Amino acid sequence: MTSINNKFGQIVTLTGDVKADAFDTLVDQSIDPETLNMAVDVDSAGHMPDWKWSWKPTTLPYARESITMQAQNEVPIYKQGTYRLDNFTAFRTRGEATQPHKIFLKWLNEAGTANLVDWVTYDSGSYSFVGVTDSGGTDSATRAQRLSWVVPTSYTIPSLNTSTHTYNIGAVSGAYTFTGLRMGNNQTLGPFYKGNTYEFVMDSSANGHPIYLSTDNGDNFVSGNYVGEYTSGVTNSRADSNGTMTFVVPADAPSTLTYQCGIHGAMRGNITIKDLKTDSNGAGQDIIYLQHSQEGHATEVPIKEVPNIQSQMCLTFDAAKGKFVPQDLGDYMTKTVSFVNRIKEEITDNSINETRMKTFMQEKNILDASETFIVSALDSASVESIISGTKETLIDSDYIATRLGFTNAASSSLQTENNTTFVQDGVLTVATGTARWYSPRAVTITKIRKHVSVAPAGATLNMTLKKNGSSISTFNIADGSTTNVTNNLNLSVAEGDYLTIDITQIGSSTAGSDLNVVISYK
(Lines give C-alpha, C1' and ligand atoms only; values in the text may rest on other atoms or scores of the structure.)
Protein backbone atom coordinates (compact mmCIF):
# COMPACT_ATOMS: atom_id res chain seq x y z
CA MET A 1 0.00 0.00 0.00
CA THR A 2 1.33 3.41 -0.88
CA SER A 3 0.84 6.64 1.05
CA ILE A 4 -1.49 9.35 -0.20
CA ASN A 5 0.11 12.72 -0.93
CA ASN A 6 -1.11 16.07 -2.09
CA LYS A 7 0.04 19.66 -1.71
CA PHE A 8 -0.72 19.46 2.02
CA GLY A 9 1.76 16.62 2.46
CA GLN A 10 1.35 13.01 3.44
CA ILE A 11 -2.01 12.59 5.26
CA VAL A 12 -2.39 8.78 5.34
CA THR A 13 0.21 6.33 6.60
CA LEU A 14 1.13 3.07 4.89
CA THR A 15 -1.24 1.28 7.28
CA GLY A 16 -4.16 3.49 6.24
CA ASP A 17 -4.28 5.64 9.38
CA VAL A 18 -4.82 9.39 9.13
CA LYS A 19 -1.84 11.34 10.40
CA ALA A 20 -3.19 13.81 12.95
CA ASP A 21 -0.48 16.38 12.40
CA ALA A 22 -1.03 16.29 8.65
CA PHE A 23 -4.78 16.63 9.13
CA ASP A 24 -4.15 19.82 11.06
CA THR A 25 -2.46 21.29 8.01
CA LEU A 26 -5.49 20.45 5.92
CA VAL A 27 -8.37 21.57 8.16
CA ASP A 28 -8.70 24.61 10.42
CA GLN A 29 -11.11 23.49 13.14
CA SER A 30 -11.44 26.91 14.79
CA ILE A 31 -14.77 28.77 14.74
CA ASP A 32 -14.80 32.39 13.63
CA PRO A 33 -15.66 34.79 16.48
CA GLU A 34 -19.24 36.03 16.60
CA THR A 35 -20.22 39.43 15.22
CA LEU A 36 -23.66 40.53 16.42
CA ASN A 37 -25.67 43.74 16.26
CA MET A 38 -28.42 43.96 18.86
CA ALA A 39 -31.23 46.38 19.64
CA VAL A 40 -32.97 46.95 22.96
CA ASP A 41 -36.14 48.87 23.78
CA VAL A 42 -38.80 49.24 26.50
CA ASP A 43 -42.53 49.40 25.79
CA SER A 44 -44.09 48.61 29.19
CA ALA A 45 -44.75 50.70 32.29
CA GLY A 46 -43.26 50.25 35.74
CA HIS A 47 -39.98 50.90 37.51
CA MET A 48 -38.42 47.62 36.37
CA PRO A 49 -39.93 46.80 32.95
CA ASP A 50 -38.35 44.09 30.83
CA TRP A 51 -35.71 45.05 28.34
CA LYS A 52 -37.06 43.92 24.96
CA TRP A 53 -34.31 42.49 22.74
CA SER A 54 -33.99 42.18 18.98
CA TRP A 55 -31.31 40.56 16.83
CA LYS A 56 -30.88 38.43 13.75
CA PRO A 57 -29.21 35.01 14.01
CA THR A 58 -25.49 34.61 13.61
CA THR A 59 -23.66 31.45 12.54
CA LEU A 60 -24.74 27.99 13.69
CA PRO A 61 -22.35 27.45 16.64
CA TYR A 62 -23.73 30.49 18.45
CA ALA A 63 -27.24 29.03 18.55
CA ARG A 64 -29.21 32.25 18.26
CA GLU A 65 -32.68 32.53 16.78
CA SER A 66 -34.00 35.71 15.21
CA ILE A 67 -36.00 37.68 17.79
CA THR A 68 -37.83 41.00 17.73
CA MET A 69 -38.86 42.86 20.90
CA GLN A 70 -38.65 39.84 23.22
CA ALA A 71 -37.67 39.73 26.89
CA GLN A 72 -34.67 37.49 27.62
CA ASN A 73 -33.56 35.85 30.87
CA GLU A 74 -29.98 36.16 29.66
CA VAL A 75 -28.07 37.55 26.69
CA PRO A 76 -24.87 35.49 26.25
CA ILE A 77 -21.75 36.92 24.66
CA TYR A 78 -18.65 35.04 23.51
CA LYS A 79 -14.94 35.62 23.91
CA GLN A 80 -13.35 37.32 20.86
CA GLY A 81 -16.86 38.37 19.74
CA THR A 82 -17.62 41.83 18.37
CA TYR A 83 -20.88 43.37 19.60
CA ARG A 84 -22.92 46.50 19.01
CA LEU A 85 -26.02 47.40 21.02
CA ASP A 86 -28.41 50.20 20.01
CA ASN A 87 -30.62 51.29 22.92
CA PHE A 88 -33.66 53.08 21.50
CA THR A 89 -35.31 53.79 24.83
CA ALA A 90 -32.46 56.06 25.96
CA PHE A 91 -34.00 59.19 24.43
CA ARG A 92 -37.71 58.51 23.99
CA THR A 93 -40.58 56.45 25.37
CA ARG A 94 -42.57 53.81 23.55
CA GLY A 95 -45.88 52.06 24.25
CA GLU A 96 -46.77 52.19 27.95
CA ALA A 97 -43.27 53.23 29.08
CA THR A 98 -43.25 56.57 30.90
CA GLN A 99 -39.53 57.35 31.10
CA PRO A 100 -36.36 56.84 29.02
CA HIS A 101 -33.90 54.14 30.09
CA LYS A 102 -30.15 54.21 29.46
CA ILE A 103 -28.23 50.96 29.65
CA PHE A 104 -24.74 50.09 30.89
CA LEU A 105 -22.59 46.95 30.92
CA LYS A 106 -21.54 46.34 34.55
CA TRP A 107 -19.51 43.83 36.51
CA LEU A 108 -22.12 43.93 39.32
CA ASN A 109 -25.91 43.89 39.47
CA GLU A 110 -26.29 47.28 41.11
CA ALA A 111 -27.68 50.75 40.52
CA GLY A 112 -25.59 53.67 39.36
CA THR A 113 -22.62 53.65 37.01
CA ALA A 114 -19.86 52.24 39.22
CA ASN A 115 -17.94 49.12 38.14
CA LEU A 116 -18.59 49.48 34.42
CA VAL A 117 -16.96 46.91 32.13
CA ASP A 118 -14.05 48.76 30.56
CA TRP A 119 -14.21 47.05 27.14
CA VAL A 120 -17.24 49.15 26.20
CA THR A 121 -17.42 52.47 24.37
CA TYR A 122 -20.60 54.55 24.71
CA ASP A 123 -21.84 56.77 21.90
CA SER A 124 -25.09 58.74 22.24
CA GLY A 125 -25.27 60.10 18.73
CA SER A 126 -27.95 60.45 16.09
CA TYR A 127 -28.25 57.73 13.48
CA SER A 128 -30.25 57.24 10.29
CA PHE A 129 -32.72 54.60 11.44
CA VAL A 130 -35.80 54.19 9.27
CA GLY A 131 -38.44 51.93 10.77
CA VAL A 132 -36.28 48.93 11.67
CA THR A 133 -32.60 48.46 12.51
CA ASP A 134 -30.47 45.74 11.01
CA SER A 135 -30.72 43.92 14.34
CA GLY A 136 -34.45 43.65 14.20
CA GLY A 137 -36.50 46.12 16.02
CA THR A 138 -37.72 49.51 16.90
CA ASP A 139 -40.32 51.89 15.58
CA SER A 140 -39.56 55.34 14.18
CA ALA A 141 -36.74 56.26 16.58
CA THR A 142 -33.81 58.00 14.89
CA ARG A 143 -31.51 58.38 17.89
CA ALA A 144 -30.00 55.70 20.08
CA GLN A 145 -27.48 55.15 22.82
CA ARG A 146 -24.89 52.90 21.18
CA LEU A 147 -22.63 50.48 23.05
CA SER A 148 -19.75 48.78 21.20
CA TRP A 149 -17.28 46.23 22.52
CA VAL A 150 -15.02 43.30 21.70
CA VAL A 151 -14.80 40.56 24.32
CA PRO A 152 -11.13 39.79 25.09
CA THR A 153 -9.77 36.28 24.57
CA SER A 154 -8.81 36.42 28.24
CA TYR A 155 -9.46 39.06 30.87
CA THR A 156 -8.89 39.77 34.52
CA ILE A 157 -11.80 40.92 36.66
CA PRO A 158 -10.71 44.30 38.06
CA SER A 159 -10.73 45.36 41.67
CA LEU A 160 -14.34 46.35 42.33
CA ASN A 161 -15.18 49.74 43.79
CA THR A 162 -17.58 50.38 46.64
CA SER A 163 -20.33 52.92 46.04
CA THR A 164 -23.10 54.84 47.78
CA HIS A 165 -26.81 54.47 47.01
CA THR A 166 -29.73 56.54 48.30
CA TYR A 167 -33.35 55.51 48.73
CA ASN A 168 -36.01 58.24 49.11
CA ILE A 169 -38.74 56.90 51.35
CA GLY A 170 -42.18 58.12 52.38
CA ALA A 171 -45.10 56.38 54.01
CA VAL A 172 -48.73 55.57 53.27
CA SER A 173 -51.11 53.33 55.16
CA GLY A 174 -49.44 49.93 55.51
CA ALA A 175 -46.40 50.64 53.33
CA TYR A 176 -43.14 52.48 52.88
CA THR A 177 -43.12 54.20 49.46
CA PHE A 178 -39.90 54.39 47.43
CA THR A 179 -39.01 56.91 44.72
CA GLY A 180 -35.88 57.54 42.64
CA LEU A 181 -33.46 54.65 42.89
CA ARG A 182 -36.38 52.31 43.53
CA MET A 183 -40.10 52.90 42.89
CA GLY A 184 -43.16 51.40 44.58
CA ASN A 185 -44.39 50.24 47.96
CA ASN A 186 -42.50 47.91 50.33
CA GLN A 187 -39.97 47.13 47.63
CA THR A 188 -37.51 44.23 47.77
CA LEU A 189 -34.06 45.84 47.79
CA GLY A 190 -30.64 44.75 46.61
CA PRO A 191 -28.47 43.06 46.17
CA PHE A 192 -26.59 45.14 48.75
CA TYR A 193 -22.85 44.58 48.42
CA LYS A 194 -20.57 44.35 51.44
CA GLY A 195 -18.59 47.56 51.81
CA ASN A 196 -21.18 49.69 50.00
CA THR A 197 -23.12 52.48 51.70
CA TYR A 198 -26.93 52.63 51.56
CA GLU A 199 -28.86 55.69 52.75
CA PHE A 200 -32.54 55.56 53.72
CA VAL A 201 -33.73 59.17 53.46
CA MET A 202 -37.13 59.56 55.12
CA ASP A 203 -39.46 62.39 54.10
CA SER A 204 -42.02 64.16 56.28
CA SER A 205 -44.76 61.61 55.50
CA ALA A 206 -42.68 59.01 57.42
CA ASN A 207 -43.40 60.80 60.72
CA GLY A 208 -44.33 58.11 63.25
CA HIS A 209 -42.88 55.31 61.09
CA PRO A 210 -39.35 54.71 62.44
CA ILE A 211 -37.32 52.47 60.16
CA TYR A 212 -34.79 49.89 61.35
CA LEU A 213 -33.01 46.80 60.01
CA SER A 214 -33.91 43.40 61.45
CA THR A 215 -32.74 39.81 61.29
CA ASP A 216 -36.38 38.81 61.82
CA ASN A 217 -38.57 38.41 58.72
CA GLY A 218 -41.63 39.82 60.50
CA ASP A 219 -42.93 36.57 61.98
CA ASN A 220 -42.07 37.72 65.52
CA PHE A 221 -42.94 41.40 65.11
CA VAL A 222 -44.24 43.25 68.17
CA SER A 223 -45.09 46.93 67.78
CA GLY A 224 -42.58 49.14 69.57
CA ASN A 225 -40.21 46.27 70.52
CA TYR A 226 -37.82 46.45 67.51
CA VAL A 227 -37.49 42.67 67.36
CA GLY A 228 -34.18 41.42 65.90
CA GLU A 229 -32.82 44.94 65.41
CA TYR A 230 -29.56 44.83 63.42
CA THR A 231 -27.19 47.72 64.16
CA SER A 232 -23.79 46.62 62.82
CA GLY A 233 -22.73 49.29 60.32
CA VAL A 234 -25.99 51.21 60.94
CA THR A 235 -26.09 54.90 61.86
CA ASN A 236 -29.29 56.56 63.11
CA SER A 237 -31.41 53.42 63.31
CA ARG A 238 -35.13 54.16 63.82
CA ALA A 239 -35.02 57.36 61.72
CA ASP A 240 -38.41 58.72 60.68
CA SER A 241 -39.60 62.15 59.47
CA ASN A 242 -36.79 63.99 57.60
CA GLY A 243 -34.16 61.69 59.10
CA THR A 244 -31.62 59.46 57.39
CA MET A 245 -30.61 55.94 58.38
CA THR A 246 -27.22 54.96 56.89
CA PHE A 247 -26.04 51.37 56.45
CA VAL A 248 -22.40 50.61 55.60
CA VAL A 249 -22.62 46.87 54.94
CA PRO A 250 -20.08 45.03 57.12
CA ALA A 251 -18.08 42.03 55.94
CA ASP A 252 -19.95 39.72 58.34
CA ALA A 253 -23.44 40.89 57.40
CA PRO A 254 -26.03 38.08 56.94
CA SER A 255 -27.26 37.16 53.44
CA THR A 256 -30.71 38.63 54.11
CA LEU A 257 -32.12 41.37 56.31
CA THR A 258 -35.51 43.06 56.61
CA TYR A 259 -36.18 46.78 56.77
CA GLN A 260 -39.08 47.26 59.16
CA CYS A 261 -41.25 49.99 60.64
CA GLY A 262 -40.97 49.80 64.42
CA ILE A 263 -44.68 50.49 64.88
CA HIS A 264 -46.50 48.90 61.96
CA GLY A 265 -45.84 45.28 61.04
CA ALA A 266 -47.00 45.53 57.40
CA MET A 267 -44.44 48.22 56.57
CA ARG A 268 -41.41 46.13 55.65
CA GLY A 269 -39.43 44.57 52.81
CA ASN A 270 -36.56 42.16 52.20
CA ILE A 271 -32.91 43.02 51.52
CA THR A 272 -30.48 40.62 49.81
CA ILE A 273 -26.79 40.97 50.72
CA LYS A 274 -23.81 39.64 48.74
CA ASP A 275 -20.03 39.78 48.81
CA LEU A 276 -18.42 42.47 46.66
CA LYS A 277 -17.49 40.14 43.79
CA THR A 278 -18.80 39.14 40.39
CA ASP A 279 -21.33 36.37 39.86
CA SER A 280 -20.88 33.11 37.97
CA ASN A 281 -23.26 30.37 36.85
CA GLY A 282 -23.21 26.60 37.25
CA ALA A 283 -21.19 26.27 34.04
CA GLY A 284 -18.34 28.32 35.50
CA GLN A 285 -19.05 31.32 33.27
CA ASP A 286 -18.69 34.84 34.62
CA ILE A 287 -21.96 36.79 34.73
CA ILE A 288 -22.00 40.51 34.01
CA TYR A 289 -25.08 42.71 33.59
CA LEU A 290 -26.67 44.99 31.02
CA GLN A 291 -28.51 47.29 33.38
CA HIS A 292 -30.23 50.63 33.79
CA SER A 293 -28.79 53.07 36.34
CA GLN A 294 -31.76 52.34 38.62
CA GLU A 295 -31.81 49.25 40.79
CA GLY A 296 -33.20 45.95 39.55
CA HIS A 297 -33.65 46.67 35.82
CA ALA A 298 -31.01 44.19 34.58
CA THR A 299 -30.39 41.30 32.17
CA GLU A 300 -27.73 38.68 32.92
CA VAL A 301 -24.87 38.41 30.41
CA PRO A 302 -22.87 35.16 30.71
CA ILE A 303 -19.44 35.30 29.07
CA LYS A 304 -18.91 32.09 27.10
CA GLU A 305 -15.97 30.45 25.36
CA VAL A 306 -15.91 30.37 21.56
CA PRO A 307 -17.91 27.22 20.71
CA ASN A 308 -16.66 24.13 18.91
CA ILE A 309 -17.76 22.72 15.56
CA GLN A 310 -21.48 21.92 15.76
CA SER A 311 -23.64 19.25 14.15
CA GLN A 312 -24.76 20.09 10.60
CA MET A 313 -21.67 22.19 9.81
CA CYS A 314 -19.77 21.57 6.56
CA LEU A 315 -16.17 22.08 5.48
CA THR A 316 -15.46 24.60 2.74
CA PHE A 317 -12.11 25.62 1.33
CA ASP A 318 -10.78 29.02 2.44
CA ALA A 319 -8.19 30.17 -0.10
CA ALA A 320 -6.85 32.89 2.21
CA LYS A 321 -6.01 30.31 4.89
CA GLY A 322 -5.15 27.55 2.46
CA LYS A 323 -7.27 25.18 4.53
CA PHE A 324 -10.75 23.74 4.78
CA VAL A 325 -12.78 25.54 7.45
CA PRO A 326 -16.08 24.68 9.21
CA GLN A 327 -19.01 26.70 7.93
CA ASP A 328 -22.78 26.66 8.26
CA LEU A 329 -25.24 27.39 5.47
CA GLY A 330 -26.02 30.91 6.67
CA ASP A 331 -22.35 31.88 6.62
CA TYR A 332 -21.92 30.16 3.26
CA MET A 333 -24.78 32.17 1.78
CA THR A 334 -23.32 35.43 3.08
CA LYS A 335 -19.97 34.72 1.45
CA THR A 336 -21.17 33.03 -1.77
CA VAL A 337 -22.91 35.47 -4.11
CA SER A 338 -23.66 32.89 -6.82
CA PHE A 339 -25.49 30.69 -4.31
CA VAL A 340 -27.63 33.58 -3.08
CA ASN A 341 -28.49 34.59 -6.64
CA ARG A 342 -29.57 31.03 -7.45
CA ILE A 343 -31.89 30.98 -4.44
CA LYS A 344 -33.42 34.27 -5.54
CA GLU A 345 -34.04 32.84 -8.99
CA GLU A 346 -35.69 29.76 -7.48
CA ILE A 347 -37.96 31.89 -5.29
CA THR A 348 -38.95 34.06 -8.23
CA ASP A 349 -39.70 31.04 -10.40
CA ASN A 350 -41.85 29.34 -7.79
CA SER A 351 -43.45 32.17 -5.83
CA ILE A 352 -47.25 32.45 -5.81
CA ASN A 353 -48.33 35.51 -7.73
CA GLU A 354 -51.92 36.73 -8.05
CA THR A 355 -52.69 34.54 -11.08
CA ARG A 356 -51.37 31.42 -9.42
CA MET A 357 -53.28 32.22 -6.23
CA LYS A 358 -56.55 32.58 -8.12
CA THR A 359 -55.94 29.34 -10.01
CA PHE A 360 -55.18 27.59 -6.72
CA MET A 361 -58.41 28.90 -5.15
CA GLN A 362 -60.47 27.85 -8.14
CA GLU A 363 -59.00 24.34 -7.97
CA LYS A 364 -59.91 24.18 -4.28
CA ASN A 365 -63.47 25.44 -4.90
CA ILE A 366 -62.92 28.64 -2.99
CA LEU A 367 -63.26 30.97 -5.98
CA ASP A 368 -65.56 30.49 -8.95
CA ALA A 369 -64.54 30.91 -12.59
CA SER A 370 -65.66 34.55 -12.71
CA GLU A 371 -63.31 35.36 -9.83
CA THR A 372 -66.02 37.33 -8.04
CA PHE A 373 -67.81 35.02 -5.59
CA ILE A 374 -66.80 32.62 -2.90
CA VAL A 375 -68.41 29.29 -3.79
CA SER A 376 -67.43 27.48 -0.60
CA ALA A 377 -67.85 29.09 2.82
CA LEU A 378 -64.50 29.73 4.50
CA ASP A 379 -65.32 27.64 7.55
CA SER A 380 -62.80 25.52 9.40
CA ALA A 381 -63.42 22.41 7.28
CA SER A 382 -62.74 24.14 3.96
CA VAL A 383 -59.65 25.87 5.33
CA GLU A 384 -58.25 22.69 6.84
CA SER A 385 -58.84 20.77 3.60
CA ILE A 386 -56.29 22.87 1.72
CA ILE A 387 -53.50 22.59 4.29
CA SER A 388 -50.81 19.98 3.67
CA GLY A 389 -47.08 19.43 3.80
CA THR A 390 -46.17 21.91 6.53
CA LYS A 391 -44.47 21.15 9.82
CA GLU A 392 -46.01 24.06 11.69
CA THR A 393 -48.08 26.84 10.21
CA LEU A 394 -51.44 28.61 10.36
CA ILE A 395 -54.07 29.82 7.93
CA ASP A 396 -56.52 32.59 8.74
CA SER A 397 -59.86 33.14 7.06
CA ASP A 398 -59.43 36.91 7.26
CA TYR A 399 -56.23 36.58 5.22
CA ILE A 400 -57.89 34.51 2.50
CA ALA A 401 -60.90 36.82 2.35
CA THR A 402 -58.78 39.94 1.92
CA ARG A 403 -56.88 38.23 -0.92
CA LEU A 404 -60.30 37.84 -2.60
CA GLY A 405 -61.14 41.52 -2.27
CA PHE A 406 -63.21 41.59 0.94
CA THR A 407 -62.34 43.90 3.82
CA ASN A 408 -62.22 40.83 6.05
CA ALA A 409 -63.92 37.45 6.40
CA ALA A 410 -66.86 38.91 8.29
CA SER A 411 -67.85 41.02 5.26
CA SER A 412 -68.16 37.94 3.03
CA SER A 413 -71.85 37.21 2.43
CA LEU A 414 -71.26 33.46 2.77
CA GLN A 415 -68.80 33.65 5.65
CA THR A 416 -70.48 32.83 8.96
CA GLU A 417 -67.40 32.00 11.03
CA ASN A 418 -63.93 33.56 11.33
CA ASN A 419 -61.18 31.04 11.97
CA THR A 420 -57.46 30.75 12.47
CA THR A 421 -56.03 27.25 12.05
CA PHE A 422 -52.76 26.19 13.67
CA VAL A 423 -51.21 23.05 12.16
CA GLN A 424 -48.51 20.71 13.50
CA ASP A 425 -47.76 17.92 10.98
CA GLY A 426 -46.32 14.53 11.81
CA VAL A 427 -45.80 12.75 15.13
CA LEU A 428 -46.27 15.26 17.94
CA THR A 429 -43.65 16.26 20.49
CA VAL A 430 -43.72 18.54 23.51
CA ALA A 431 -42.82 21.89 21.98
CA THR A 432 -43.06 25.64 22.34
CA GLY A 433 -45.10 27.09 19.48
CA THR A 434 -43.31 29.37 17.04
CA ALA A 435 -46.04 30.01 14.44
CA ARG A 436 -47.76 33.30 15.30
CA TRP A 437 -51.15 34.67 14.33
CA TYR A 438 -51.41 38.45 14.67
CA SER A 439 -54.93 39.72 15.27
CA PRO A 440 -56.06 42.05 12.43
CA ARG A 441 -58.47 43.85 14.76
CA ALA A 442 -59.92 43.57 18.28
CA VAL A 443 -61.61 40.15 18.40
CA THR A 444 -63.15 37.74 20.89
CA ILE A 445 -62.26 34.03 20.78
CA THR A 446 -65.46 32.00 21.15
CA LYS A 447 -64.50 28.39 20.46
CA ILE A 448 -61.44 26.16 20.01
CA ARG A 449 -61.65 22.89 18.06
CA LYS A 450 -58.83 20.35 18.19
CA HIS A 451 -58.25 17.44 15.81
CA VAL A 452 -55.54 14.81 15.33
CA SER A 453 -55.32 12.10 12.67
CA VAL A 454 -53.82 9.63 15.17
CA ALA A 455 -55.18 9.70 18.72
CA PRO A 456 -52.85 10.06 21.73
CA ALA A 457 -52.66 6.92 23.88
CA GLY A 458 -51.58 6.48 27.48
CA ALA A 459 -52.07 10.16 28.39
CA THR A 460 -54.02 13.20 27.24
CA LEU A 461 -52.66 15.59 24.64
CA ASN A 462 -52.40 18.93 26.47
CA MET A 463 -52.00 22.34 24.87
CA THR A 464 -51.67 25.96 26.01
CA LEU A 465 -52.90 28.98 24.06
CA LYS A 466 -50.68 32.02 24.64
CA LYS A 467 -51.27 35.68 23.89
CA ASN A 468 -48.06 37.70 23.49
CA GLY A 469 -46.21 34.85 25.21
CA SER A 470 -48.54 34.54 28.26
CA SER A 471 -51.04 31.72 28.80
CA ILE A 472 -54.72 32.60 28.35
CA SER A 473 -56.28 29.12 28.00
CA THR A 474 -55.42 25.43 28.33
CA PHE A 475 -57.17 22.56 26.55
CA ASN A 476 -56.66 18.93 25.56
CA ILE A 477 -57.61 15.93 23.47
CA ALA A 478 -58.42 12.95 25.66
CA ASP A 479 -56.51 9.67 25.67
CA GLY A 480 -57.82 7.62 22.70
CA SER A 481 -59.77 10.50 21.16
CA THR A 482 -59.09 12.35 17.90
CA THR A 483 -61.13 15.50 18.53
CA ASN A 484 -62.37 17.86 21.21
CA VAL A 485 -64.21 21.20 21.25
CA THR A 486 -64.01 23.97 23.85
CA ASN A 487 -67.16 26.11 23.62
CA ASN A 488 -68.46 29.28 25.24
CA LEU A 489 -65.13 31.05 25.45
CA ASN A 490 -64.86 34.80 25.86
CA LEU A 491 -61.15 35.55 25.35
CA SER A 492 -60.31 39.09 24.27
CA VAL A 493 -57.50 39.72 21.79
CA ALA A 494 -56.52 43.28 20.88
CA GLU A 495 -55.43 44.43 17.45
CA GLY A 496 -51.76 43.52 16.98
CA ASP A 497 -51.71 40.87 19.75
CA TYR A 498 -50.27 37.55 18.64
CA LEU A 499 -51.27 33.99 19.51
CA THR A 500 -49.10 30.88 19.75
CA ILE A 501 -49.83 27.31 20.88
CA ASP A 502 -47.52 25.18 23.03
CA ILE A 503 -47.83 21.40 23.21
CA THR A 504 -47.22 20.66 26.89
CA GLN A 505 -48.00 16.92 27.03
CA ILE A 506 -48.36 14.13 24.48
CA GLY A 507 -49.61 10.57 24.73
CA SER A 508 -47.22 8.27 26.60
CA SER A 509 -47.50 5.12 24.45
CA THR A 510 -48.69 6.88 21.28
CA ALA A 511 -47.87 10.56 20.99
CA GLY A 512 -50.62 11.51 18.52
CA SER A 513 -50.09 12.91 15.01
CA ASP A 514 -51.10 15.74 12.67
CA LEU A 515 -52.60 18.29 15.03
CA ASN A 516 -55.05 20.96 13.83
CA VAL A 517 -56.27 23.61 16.27
CA VAL A 518 -59.06 25.79 14.85
CA ILE A 519 -59.68 29.02 16.77
CA SER A 520 -63.05 30.65 16.06
CA TYR A 521 -63.43 34.36 16.73
CA LYS A 522 -65.78 37.25 16.07
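1. Let us start with Met-69, which is found in strand β5. This is a predicted model, and in it the phi of Met-69 is near 50°, a positive value in a residue other than glycine. Most residues other than glycine have a negative phi, and most peptide bonds are trans. Met-69 is also buried, because its relative accessible area is 17% and the cut-off for buried is under 20%.

2. A second residue to look at for its backbone is Asn-488, with a positive phi near 60°. Where does Asn-488 sit? You will find Asn-488 in the loop between β33 (483-486) and β34 (491-493). Is Asn-488 buried or exposed? Asn-488 counts as exposed, because its relative accessibility is 77% and the cut-off for exposed is over 50%.

3. Please also check the peptide bond from Gly-190 to Pro-191, which is cis, with omega near 10°. Pro-191 belongs to strand β14. Keep Pro-191 in mind, as this residue is also part of the lining of the largest cavity.

4. On to the cavities: how many of 30 Å³ or more does the structure hold? There are two. The largest cavity encloses about 40 Å³ of space. Its lining is made of Glu-110, Ala-111, His-165, Tyr-167, Pro-191, Tyr-193, Tyr-198 and Glu-295. Two strands, β11 (164-172) and β14 (189-193), each supply at least two residues of this lining. By class, the lining of the largest cavity divides into five nonpolar, one polar and two charged residues.

5. The second largest cavity holds about 30 Å³ of space. Around this cavity you can pick out Tyr-212, Ser-214, Asp-216, Gly-218, Phe-221, Val-227 and Gln-260. Three of these lining residues are nonpolar, three are polar and one is charged.

6. Now the aromatic rings. A search of the whole structure finds 18 aromatic pairs. One of them is formed by Tyr-62 and Tyr-78, an edge-to-face pair with 4.7 Å centre to centre and 80° between the planes. Why does this pair tie together separate parts of the sequence? Tyr-62 lies in the loop between β4 (52-55) and β5 (67-70), and Tyr-78 in strand β6 (residues 77-78), so the pair joins parts that are 16 residues apart in sequence. Tyr-62 is buried, with a relative accessible area of 1%, and Tyr-78 is buried too, at 7%.

7. Nine names are worth highlighting together in your viewer: Tyr-167, Tyr-176, Phe-178, Phe-192, Tyr-198, Phe-200, Tyr-230, Phe-247 and Tyr-259 form one aromatic cluster. Tyr-167 and Tyr-198 appear again in the lining of the largest cavity.

8. Some rings have a charge for company. The charged end of Arg-64 sits over the ring of Trp-55, 5.2 Å from its centre. Likewise, the charged end of Arg-238 sits over the ring of Tyr-226, here 3.7 Å from the ring centre.

9. For salt bridges, the whole structure yields 12. Asp-41 takes part in a salt bridge with Arg-92, and the closest N and O atoms are 2.8 Å apart. This pair links distant parts of the chain, 51 residues apart: Asp-41 is in strand β3 (residues 35-41) and Arg-92 in the loop between β7 (82-87) and β8 (104-106). Both Asp-41 and Arg-92 are buried.

10. Which other residue does Asp-41 meet in a salt bridge? The partner is Arg-94, at 3.3 Å from N to O. Arg-94 lies in the loop between β7 and β8, 53 residues from Asp-41 in strand β3. Asp-41 and Arg-94 are both buried. Taken together, Asp-41, Arg-92 and Arg-94 are linked in a network of salt bridges.

11. Another salt bridge joins Lys-466 to Asp-502, with the closest N and O atoms 2.7 Å apart. Lys-466 lies in strand β31 (residues 461-467) and Asp-502 in strand β35 (residues 498-505), so the pair ties together parts that are 36 residues apart in sequence. Lys-466 is partly exposed, with a relative accessible area of 22%, whereas Asp-502 is buried at 7%.

12. Last comes Val-120, placed in the loop between β8 and β9 (121-123). Val-120 is buried, with a relative accessible area of 11%. The C-alpha atoms of Val-120 and Leu-147 are separated by 6.4 Å, while the two residues are 27 residues apart along the chain.

Conventions. Residues numbered from 1 in each chain as written. Predicted model: local features only at pLDDT ≥ 70, side-chain atom pairs only at ≥ 80, totals over all residues. Heavy atoms only, no water. 1 Å grid on protein atoms, 1.4 Å probe; cavity = no way out; pocket = protein on both sides within 12 Å on 5 of 7 lines; lining within 4 Å. Points joined across faces, edges and corners; volume = space filled by probe spheres on them. Helix = DSSP H or I, 4+ residues; strand = E, 2+ residues; numbered from the N terminus. Nonpolar A, V, L, I, M, F, W, Y, C, P; charged D, E, K, R; others polar. Phe/Tyr/Trp six-rings, centres within 6.5 Å; stacked < 30°, edge-to-face > 60°. Buried < 20%, exposed > 50% of the residue type's maximum accessible area, 1.4 Å probe, protein only. Lys NZ or Arg CZ within 6 Å of the ring centre and 35° of its normal. Salt bridge = Lys/Arg side-chain N within 4 Å of Asp/Glu carboxyl O.
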